[in-house]
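Subject: Structure handover

Hi,

Here is the structure I promised to pass on. Please open it alongside this note.

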Amino acid sequence: MPILTRAFYERDTELVARDLLGKVLVRIEGGVERAGRIVEVEAYLGSHDKAAHSSRGMTDRTRVMFGPPGHAYVYVIYGIHHCMNVVTEPEGHGSAVLIRALEPLSGIDGRTSGPGLLCKAMGIDRRLDAHDLLSDDFFITSDPLPAKRVRVVKRPRIGVDYAGRWAKRLLRFYIADNPNVSRK
DNA sequence: CTCCGGATTCGT
DNA sequence: CGAATCCGGAGT
């Protein structure tokens, strides 16, 4: 199972988002391995994207988004849940891909359809913010099985109605007919 | 320092 | 449809 390289992440964010579908997110903690196939993502294009956290400039929280690609950007939402992103494009761009749903593969207890739910099921929290995904305990690999031909659905991103015209962009991607997608 | 609101989820 | 519940970010 080859781990995705820095070069994979250091590309156009929409391409990375699309290519992450079908890849496998792995978290190993205390000898326990948890893994899930990525079936739904959203692209946040950079500081010009009004729906992206980075559009408010670099702050303590968003510094990771402006950092080098291939790192996790994990933040707390509504004081209750965590959301996980992977940083994309060259350092300084402020772009990332939000992981929104997984198909459970191994070691997973609980639901994985939704950004907060999958973080809970995978044991992902703020301690993993800024964690390098080119590491041996938290990474993304390509599918160990032969790549399937999947149809990708494009929709507006969820929960960003405040972002004006950016709310209309089709930057949410998911695998068609996959039952683990958070919503149709 | 205070105040506001959120890339969500769950229960009514 | 409203509550839960914390913290980042903006303003004083």
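Below are notes on the DNA contacts and then on the largest pocket.

Bear in mind that this is a predicted model.

**DNA strand B**

There are 21 residues around DNA strand B. His-53, Tyr-75, Asn-85, Gly-116 and Tyr-162 come nearest. By class, this surface has twelve nonpolar, seven polar and two charged residues.

Four elements each supply at least two residues here: strands S3 (72–77), S4 (81–88) and S5 (95–106), and helix H3 (115–122). H3 gives the most, with three residues.

Which parts of DNA strand B lie within 4 Å of the protein? Of those atoms, 47% belong to sugar or phosphate, and the rest belong to bases.

Three polar side chains are worth a look:

- Asn-85: an N or O atom of its side chain is 2.4 Å from a base nitrogen of DNA strand B.
- His-81: a side-chain N or O atom is 3.3 Å from a base oxygen of the strand.
- Arg-111: a polar side-chain atom lies 3.1 Å from a phosphate oxygen of the strand.

**The largest pocket**

The largest pocket has a volume of about 470 Å³. Its lining counts 23 residues. Nearest its centre lie Tyr-75, Ile-77, Cys-83, Ile-158 and Gly-159. Strand S2 (32–44), S3, S4, S5 and H3 each give two or more residues to this lining. By class, the lining has 15 nonpolar, five polar and three charged residues.

Tyr-75 is a good place to start. This residue is among those that come nearest to DNA strand B, and also among those nearest the centre of the largest pocket.

Best wishes

Key. Residues numbered from 1 in each chain as written. Chains lettered and ligands numbered in written order. Predicted model: local features only at pLDDT ≥ 70, side-chain atom pairs only at ≥ 80, totals over all residues. Heavy atoms only, no water. Near = heavy atom within 4 Å. Polar contact = N/O pair within 3.5 Å; in protein donor to acceptor, adjacent residues only side chain to side chain. Nonpolar A, V, L, I, M, F, W, Y, C, P; charged D, E, K, R; others polar. 1 Å grid on protein atoms, 1.4 Å probe; cavity = no way out; pocket = protein on both sides within 12 Å on 5 of 7 lines; lining within 4 Å. Points joined across faces, edges and corners; volume = space filled by probe spheres on them.
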